[in-house]
Amino acid sequence: MRNRFDRQLLRLNQEMIDMCSLCEEMITAAAKIVATRDKELMNDMKTMEEEINQKERDIERICMKLLMQQQPVATDLRVISAALKMVSDMERIGDQACDISGIIRKDSAVLDLRENTHLDKMARATIDMVSRSVKSFVKQDLKIAREVVEQDDLVDQLFSQVKKEAISLIHDNPEKGEEYVAIVMIAKYFERIGDHAGNIAEWVEFSITGEYKGGSL
């Protein structure tokens, strides 16, 4: 029975790695769409979102089977609990990457104005957070996980900077107000993705140490 349980834990780990990689791919694609208006990538986003949603369902089923098959030991229970929390954050990353793509599809003119803001820098910082949160999970690296949590402050600061820049630019160019508001919306989605990457890193820390610093379990 335990051998079967261990095999399913390995499967859970691989499914989590695959879903993490999809999240990283989606946020990277969203940033590229912001920079290039790549229509092919815009069309690919919906397919990637559906893949992430399916991964979420698959992982939830595996976790339920693991919980029902035999009484997990404390370490196993931490891993399963963390996986169930992490898939929710990863699914939201996929949704928000699609939301970014949707804004550009609706009004690509916003990209003519983005160079006057720190939006591109914010996108790069968010991609790095997602990439490193994935790395912390794959390597079960506590140091990287804690660095990702700390990095969220940088993304928050960049979001505040984009907002201030947009307000100033709207004042100088009121006829372009809608485009600058769209830039702030894109920045907000990147900020939320950073929050989810930080959540993932906190759950990685919980799976390793048994301590959760993000609030109540």
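Modeller: A residue is called buried under 20% relative accessible area, exposed over 50%, and partly exposed in between. By that scale Arg-132, with a relative accessible area of 23%, is partly exposed. Please keep in mind that the structure above is a predicted model.

Colleague: How many salt bridges does a search of the whole structure find?

Modeller: The search returns 9 salt bridges. A pair is accepted when a side-chain nitrogen of Lys or Arg lies within 4 Å of a carboxyl oxygen of Asp or Glu. One of these pairs is Glu-147 with Arg-132, whose closest N and O atoms are 2.2 Å apart. Because Glu-147 belongs to helix α5 and Arg-132 to helix α4, the pair ties together parts that are 15 residues apart in sequence.

Colleague: With which other side chain does Glu-147 meet in a salt bridge?

Modeller: Lys-143 is the other partner, at 2.6 Å from N to O. Here the two residues both sit in helix α5, 4 residues apart, which is about one turn of the helix. Lys-143 is exposed, at 57% relative accessible area, and Glu-147 is partly exposed at 26%.

Colleague: Which helix holds both Glu-191 and Lys-188?

Modeller: It is helix α6, spanning residues 177-209. The side chains of Glu-191 and Lys-188 form a salt bridge of 3.1 Å, N to O. Their surroundings may be read on the scale given at the start: Glu-191 counts as buried at 9% relative accessibility, whereas Lys-188 counts as partly exposed at 29%. Elsewhere, salt bridges that share partners join Glu-15, Asp-18 and Lys-55 into one network.

Colleague: Is Lys-55 buried or exposed?

Modeller: Lys-55 counts as buried, because its relative accessibility of 18% is under the 20% limit. This residue lies in helix α2. Leaving aside residues up to four places away in sequence, Lys-55 touches Glu-15, Asp-18, Met-19 and Leu-22.

Colleague: How should a charged residue be read when it has no salt bridge, and what is the case of Asp-152?

Modeller: One looks for the nearest side chain of opposite charge. Asp-152 is buried yet without a salt bridge, and that nearest side chain, Lys-188, is 9.9 Å away. Asp-152 is located in helix α5, residues 142-172. Its contacts, not counting residues up to four places away in sequence, are Met-129, Gly-194 and Asp-195.

Colleague: Which residues does Ile-62 touch?

Modeller: Not counting residues up to four places away in sequence, Ile-62 touches Gln-8, Arg-11, Leu-12 and Glu-15. Ile-62 is placed in helix α2 and is buried, at 4% relative accessibility. A C-alpha separation can be set beside such contacts. The C-alpha atoms of Ile-62 and Met-19 are 14 Å apart, and 43 residues separate the two along the chain.

Colleague: Which residues other than glycine have a positive phi here?

Modeller: The general idea comes first. Most residues other than glycine have a negative phi. In this model, Arg-37 has a positive phi of about 60°, and phi of Gln-140 is near 50°. Arg-37 is in the loop between α1 (2-36) and α2, while Gln-140 is in the loop between α4 (119-139) and α5. Arg-37 is partly exposed at 32% relative accessibility, and Gln-140 is partly exposed at 36%.

Colleague: Which residues form the surface patches, negative, positive and nonpolar?

Modeller: Candidates must have over 30% relative accessible area and no salt bridge. The negative patch consists of Glu-25, Glu-40, Asp-44, Glu-50 and Glu-51. Helix α2, residues 39-69, gives the most to that patch, with 4 residues. Among the members, Glu-50 is in helix α2 and is partly exposed at 45%.

The positive patch is formed by Arg-4, Arg-7, Arg-11 and Lys-65, and its largest share, 3 residues, comes from α1. Lys-65 belongs to helix α2 and is partly exposed, with a relative accessible area of 43%.

The nonpolar patch, of about 380 Å², is made by Met-64, Leu-67, Met-68 and Leu-77. Helix α2 gives the most to the nonpolar patch, with 3 residues. Met-64 is found in helix α2 and counts as partly exposed at 39% relative accessibility.

Definitions and conventions:
Residues numbered from 1 in each chain as written. Predicted model: local features only at pLDDT ≥ 70, side-chain atom pairs only at ≥ 80, totals over all residues. Heavy atoms only, no water. Patch = residues over 30% accessible without salt bridge, like charges linked within 9 Å, V, L, I, M, F, W, Y side chains within 5 Å. Areas by Shrake-Rupley, 256 points an atom, 1.4 Å probe, with all protein chains shown as cover. Lys, Arg positive; Asp, Glu negative; His and termini not counted. Charge placed at Lys NZ, Arg CZ, Asp CG, Glu CD. Buried < 20%, exposed > 50% of the residue type's maximum accessible area, 1.4 Å probe, protein only. Contact = heavy atoms within 4.5 Å.
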